[in-house]
Amino acid sequence: MANAALISLNNTLKRLVNSHKLPIVPHCKEIVEFAYEEVQSLQNFLERSDRKCSRLILLDERQIRDALCEFEDVIDSHLSRHFLSHSSDGQLHPVLFSLDLGEVRRALGNFNEAVKKMKDEYVNKLCDPLLSEKDEKGVSSTGGNECQLVGLSDQFIEIRDIVADSSNELKTVAILGMAGIGKTVLAREVYECPLFSNCFDFRLWVEIGPKYEIYDILLGIVDQMNLISGVDRVVKGGDGNSWKYVYERLRGRKYLIVLDDVWDINVWDCLKKLFPEDGNGSRILVTTRIEDVARYASIYGVHRVRLLDEEESWDLLRRKVFDEMPCPPELEKVGKKIAENCEGLPLTIVTVGSLLSKAEKTTKYWNEVAEKENSVFVDANDDVSKVLLRSYNYLPQRLKACFLYMGVFPRNHEIPYSKLTKLWCAEGLIEPEGWYATSKYITTQYLSNLVSKSLVMVRHKGSSSRTKTCSLHSSFWFMCVNEARKTKFFHSLNSRADGLAEGVESQRRFCVRKGVLFNVKDVNNSVGSVSNMRSLLFTGPPHQYPVPIRFSSRLLRVLDTAAVRFYEFPMEVVKLVQLRYLALTCDGNIPSSISKLWNLEYLIVLRHFSIIESSGKKSPYLPMEIWDMKELTHLQVMGSDLPDDGEAERYIYSNITTLLDVSARSCTKGILGGRIHQLKKLGLRIVLAPNDDESLSCFDHISCLHGLESFKVFVVNPLLDSKFVATPLSLLLVIPSYLRKLSLSGSGYRWEDIRAIASLPGLQVLKLRCYAFRGPEWRTYGEDFPGLHFLLIEDSDLENWRVGYRSFPVLRQLSVKHCYKLEEIIWDSYEVEVIEVVDCNSYALSWAEQMKEKLVRDEDHFYIHSLFE
């Protein structure tokens, strides 16, 4: 897509203009700076246009995208050749960087021509009052009257009761959910409920949609009023007369109004002036797929429509296929599997049901549908996409690429937020805007926007209530993949046919989601034919056997082969000097030539799971040259030792802010106190031997990390047979007082030693796993843990837990898992909102139920949830 190519080119030119590592020949620098200014100008133009009209489809998008990519390829190709030819030891020697002016001018000419065409087309479309009207008509997310009220009866009753409430104040109820989930059906059921047929003087149904004209909406309301009143006249003379007419007709009357499919807060701001608040029990229902609209319009809470469960899905499918007739017994089992494959989205269910109702109703055919061996689900997803596509089309341009990128992961994949946002940044889809809008802040906002627009589902939230994992509903995933293919945003390589697809040589991003071991030859052939490839991701399940992968493109920015095993570090990777993100699984050491990857920001090296760790085995090492990689901010190297020659003051400090899975021997004064003093997140992986106090006494320099926010210690093989593993002074007394998150696993401290961290004022999250603390009793006193919001205790031998009255004053969530010895819990604090008990003894379960009763009785706005397994 053109917008993603534009952002990427802008980031490339920005890096080059601001680089202190590459001095540029003066006349070449002038051209680069000129191009950078032109790109920024175009970006500003598109942002202004985007605010005027959220959906602008370019007729010549492919030509514009190709021109942008061509110019970026020229720049990156020169950079790669320059760096490889003038570096031998990983250091770029001070040779002026020069460009082939003829090649650059030709690419720049094509770029300028594309810019002119883009601006002309945007201007023409902004001036066109019929912009993209054709796809707004005749598209319904409700499936007409086919989407019956199945599985939504609980929400129908809840909304109906609010409408029927005896309160005389004007109430607005917002119904929120993704496209095709049944918002309109639910609102229609309430609107047409016989209970309200004589309760309201006016019942009005107002369709809004993403493209609206307030005057047209007003006339539609007037027409309905005239029809209800049995008059023929239509108010004319502009907005003022219509506005006054509607307001006056509603004044003093009780009304029920449905505003269906609202996309914009401004719509509500305009229309709410029409509705007088006369204290007569009038009601307004607003359906929307935008969370901001729902929360803005309704002060009585948002009713989020859920997906149907398996039983409800089968009930809806059965009704669509057989109407009032019973389903043949031989089709019921396979029919339920077909319904399950629709993943609870009513629109998908009725679309599949419509296709099944017209086809042969045999066990053989339905089994083929269930196993997706025919075109039913393909055809259904194509039809459903016509409805879902509007949610994508009306995204701001800056969000479209980020949304499409989620399609590189397998269908129904639970995507880690941390990995997704790192890839967004490495791909150049995110553009920081200074200290006030860092990459982390922007990625958080982008994902929140996609969730609030009902495009992305949150699967799990972390301890700080932020998104931990997310996913796409299958229907959105299919739409995502199709749009990515059409716009050449990414290409999937899962079969021989994918590698032979037309135009594959011009693709820039490739993902392999399955069949790596069997399709490796086809993958290598396809990859080898693409010289300008920017990304190669293996996002499917990991393989335990080594798979040979070719790395032919010298312009790769993202290489994620963590799912593919290498015996040794693949040396051809160090030639990919444009890499910004590298993730792989290998059992060998990282070579010193890794420093040639001067652009690398994220380095993730995992070890194969079959390699058994033992204290006698020497940890893999990282080369000293790792400190020369100035762009590196995220380093994760499982069990490796960081290099330290004791002379850190001779080196420029590293910019690493996240360091994960390194060995405890890396916690030296030279490293923590010098090279990585900016560290915000630290994770240590410890292989402990019997009576090995040294491994847990190497934390004396943790206090040097003045900006540390998150600290995790994971003991690989905790010594559970010994009485206590270590004394607390080795770790607990040196933790920075401003730490926000602490996670300990297998450390084996005494419960009484936890007082060393009980007074940390900034500690918000504490996770204690696998005998992190040991012993039968834990007592808290006074104002212990004053700022803690989340506490996890997992796999513990704790028997008696006594919580003081003022302890945990702001705790919101308590999670207790796999604790089988608990005999007594005395808890005098009732501030906790959520209690989670998983796989514990009967006492813990009964205590959770008692706590639930106390909290519900004392503070009924508190909520406790217990999980019993």
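The following exchange covers a parallel sheet, aromatic pairs and charges over rings in a predicted model.

Biologist: What kind of model is this, and how are residues numbered?

Modeller: Local features in this predicted model need pLDDT of at least 70, side-chain atom pairs count only at pLDDT 80 or more, and totals for chains, interfaces and linings use all residues. Side-chain values use heavy atoms, with hydrogens and water left out, and residues are numbered from 1 along each chain as its sequence is written.

Biologist: In what order do the five strands of the open sheet lie?

Modeller: Strands are DSSP runs of E with at least two residues, numbered from the N terminus, and two of them pair if DSSP finds at least two bridges between them. The pairing in this open sheet is parallel. Strands E2 (202-207) and E5 (302-304) each pair on one side only, as edge strands. The order is E2-E3-E4-E1-E5.

Biologist: Which residue in E5 is the bridge partner of leucine 176?

Modeller: Strand E1 covers residues 171-176 and pairs with E5 in the parallel sense over three bridges. For leucine 176, the partner in E5 is arginine 304.

Biologist: Why is the pair of tyrosine 581 and tyrosine 602 classed as it is?

Modeller: Rings of Phe, Tyr and Trp (its six-membered ring) pair if their centres lie within 6.5 Å; planes under 30 degrees apart count as stacked, over 60 as edge-to-face and the rest as tilted. The search of the whole structure finds 20 aromatic pairs. In this one the centres are 5.9 Å apart and the planes stand at 45 degrees, so the pair is tilted.

Biologist: Is tyrosine 581 buried or exposed?

Modeller: Buried means under 20% relative accessible area, exposed over 50% and partly exposed in between, with a 1.4 Å probe and protein chains only. The relative accessible area of tyrosine 581 is 2%, so this residue is buried.

Biologist: How many residues apart in sequence are the parts tied together by tryptophan 801 and tryptophan 827?

Modeller: The ring centres of tryptophan 801 and tryptophan 827 are 5.3 Å apart with planes at 85 degrees, so the pair is edge-to-face. Tryptophan 801 lies in strand E25 (residues 800-803) and tryptophan 827 in strand E27 (residues 824-827), so the parts are apart in sequence by 26 residues.

Biologist: Over the face of which residue does lysine 400 lie?

Modeller: A charge sits over a ring if NZ of Lys or CZ of Arg is within 6 Å of the ring centre and within 35 degrees of the ring normal. Lysine 400 is at 5.5 Å from the ring centre, over the face of tyrosine 392.

Definitions and conventions:
Helices (H or I, at least four residues) and strands (E, at least two) are DSSP runs, numbered from the N terminus.
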